[in-house]
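Work through the exercises below with the model open. Try each task before reading its solution.

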Amino acid sequence: MGSGRNVAVFGAYGHTGRFVVAELRERGYVPVLLGRDQDKLVALVEAHPGLEARQASVDDAASLDRALSGADAVINCAGPFATTGAPLIEAALRAGIPYVDVAAEIEANVDTFAHFAERARAAGTVVVPAMAFYGGLGDLLVTTAMGDWTAADEAHIAYGLSSWHPTAGTLAAGMVSGRRRGGRRVRFTGGRLEYHDDALPTLEWPFPAPLGPQSVIGEFTMADVVTVPSHLAVPEVRTYMTAKAAADLSAPDASAPAAVDERGRSAQTFVVDVLVRSGGTERRVAATGQDIYAISAPLAVEAVDRILTGRTRATGVVSAGAVFDAPDFLRALSSHLSVHVPVDARG
Ligand SMILES: NC(=O)c1ccc[n+]([C@@H]2O[C@H](COP(=O)([O-])OP(=O)(O)OC[C@H]3O[C@@H](n4cnc5c(N)ncnc54)[C@H](OP(=O)(O)O)[C@@H]3O)[C@@H](O)[C@H]2O)c1
């Protein structure tokens, strides 16, 4: 358990930040509540009496230094990460503490690897971008499916979401990424990111029962195209999204997630179905659960727990599959996630 260690959460009053704060408390950590809006911090403390809140802005490095003072690690839940990522990583490096974020922005994740890899490694610290549903979970599943392979021809990650009610943060992140791409699309092929204007293909993906085959949008490119190739030699990494969820996301009247249980989770369910292929051999693994925002909290908090207890395999800027024992990490989340290895893919 967290043994009372302090973990700072930037963007603590956001939708995902609240799940992270609750998860940290459940695991015996003491969240330090950070954000730019003093009124929202005060309201959050009312829900968590006794916790400390510290106002800080990414435009004010001294405020970030004060905010991280005494913290053992920081989880950044404030997106768009194109704005918040670099200032928070700089502050974490100055404080000498590990940094974990939930960024689903491909370009921001690329920037984190590009700009901070050497300094984080030299400092002997760990920076884990995209340690959430998109980016982190897919990478843990691909790494698990790969088993003893370190290279494969292709990795496919199919997202079977029952629906997608996006938060304001998700929509803002999508707009920022869209602007950075000049309205173009992105895919990972031939071992690199490729920007293009091709129409996205619609195809059928054979999700495992009980979901079964679903219409998906192909090349619906998510952060896994950064995390997976950061440590595995896979030249083709493709992600797919159920057509229904993709339509929800782009609907002009898209509504925010609504809580349906005592944990605050929405009714949204997900299957993440992973297929890796090398030569003529395929390996598969799938995970199912409820609410892509809620599941990001145990993913990020388990990452911090492993870092603070020395269960890591690398330093520097690292993805989940590179720095953690992926199958063991997924087993640790068994109260949140069901992981299935098809019978014909075992052994
Ligand atoms: N990889 C994944 O699977 C995954 C999962 C969950 C979330 N995310 C990402 O995490 C981010 C937050 O999502 P959410 O669902 O929590 O959205 P949200 O409820 O809208 O919260 C957004 C949070 O970011 C803060 N924020 C935005 N810009 C900021 C800035 N310049 N400086 C300081 N704080 C800033 C907001 O603070 P104010 O209220 O003060 O603006 C708020 O706390 C999004 O980018 C989303 O894409 C990714």
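**Exercise 1. Ligand contacts**

Task: How far is a backbone N or O atom of Thr16 from an oxygen atom of the ligand? Then look for further polar contacts to ligand oxygen atoms.

Solution:
- Step 1. Start at Thr16. The distance from a backbone N or O atom of Thr16 to a ligand oxygen atom is 2.9 Å in this predicted model.
- Step 2. Go to Arg36. Here a polar side-chain atom sits 2.7 Å from an oxygen atom of the ligand.
- Step 3. Go to Tyr134. Its polar backbone atom lies 2.7 Å from a ligand oxygen atom.
- Step 4. Apply the cut-off. A polar contact needs a pair of N or O atoms within 3.5 Å. The Thr16 pair, at 2.9 Å, meets it.
- Step 5. Widen the view. The ligand is surrounded by 29 residues. Arg36 and Tyr134 are among the closest, with Tyr13, His15 and Lys40.

**Exercise 2. Thr167 and the cavity**

Task: Is Thr167 buried or exposed? Which residues does Thr167 touch beyond four places in sequence? Which residues line the largest cavity?

Solution:
- Step 1. Place Thr167. It is in the loop that runs between strand S7 (154-161) and helix H7 (168-180).
- Step 2. Check accessibility. Thr167 has a relative accessible area of 12%, so it is buried; the limit is under 20%.
- Step 3. List its contacts. Leaving out residues up to four places away in sequence, Thr167 touches His15, Pro257 and Tyr293.
- Step 4. Find the cavity. The structure has one cavity of 30 Å³ or more. The largest cavity holds about 30 Å³ of space.
- Step 5. Read the lining. It consists of Ser163, Trp164, His165, Pro257, Ser266, Gln268 and Tyr293. Pro257 and Tyr293 also touch Thr167.
- Step 6. Sort by class. The lining has three nonpolar residues, four polar and no charged ones.

**Exercise 3. Two buried residues**

Task: Where is Ser177, and where is Leu333? Which residues does each touch beyond four places in sequence?

Solution:
- Step 1. Ser177 is in helix H7. Its relative accessibility is 7%, so Ser177 counts as buried.
- Step 2. Outside its sequence neighbours up to four places away, Ser177 touches Glu105 and Glu107. Ser177 and Glu107 are 70 residues apart along the chain, with 6.9 Å between their C-alpha atoms.
- Step 3. Leu333 is in the loop between helix H12 (326-332) and strand S16 (338-340). Leu333 is buried, because its relative accessible area is 1%.
- Step 4. With the same sequence filter, Leu333 touches Pro298, Leu299 and Glu302. The C-alpha atoms of Leu333 and Glu302 are 8.0 Å apart, across 31 residues of chain.

Note on methods. Residues are numbered from 1 along each chain as its sequence is written. This is a predicted model: local features need pLDDT of at least 70, side-chain atom pairs count only at pLDDT 80 or more; totals for chains, interfaces and linings use all residues. Side-chain values use heavy atoms; hydrogens and water are left out. Helices (H or I, at least four residues) and strands (E, at least two) are DSSP runs, numbered from the N terminus. Buried means under 20% relative accessible area, exposed over 50%, partly exposed in between (1.4 Å probe, protein chains only). Contact means heavy atoms within 4.5 Å. On a 1 Å grid over the protein atoms alone, a cavity is a set of points where a 1.4 Å probe fits but cannot get out, and a pocket is an open set with protein on both sides within 12 Å along at least five of seven lines; lining residues have an atom within 4 Å of a point. Grid points are joined across faces, edges and corners, and a volume is the space filled by probe spheres set on the points. Ala, Val, Leu, Ile, Met, Phe, Trp, Tyr, Cys and Pro count as nonpolar, Asp, Glu, Lys and Arg as charged, and the others, Gly among them, as polar. A residue is near a molecule or strand if one of its heavy atoms lies within 4 Å of it. A polar contact is a pair of N or O atoms within 3.5 Å; within protein, one must be able to donate a hydrogen and the other to accept it, and residues adjacent in sequence count only if both atoms are side-chain atoms.
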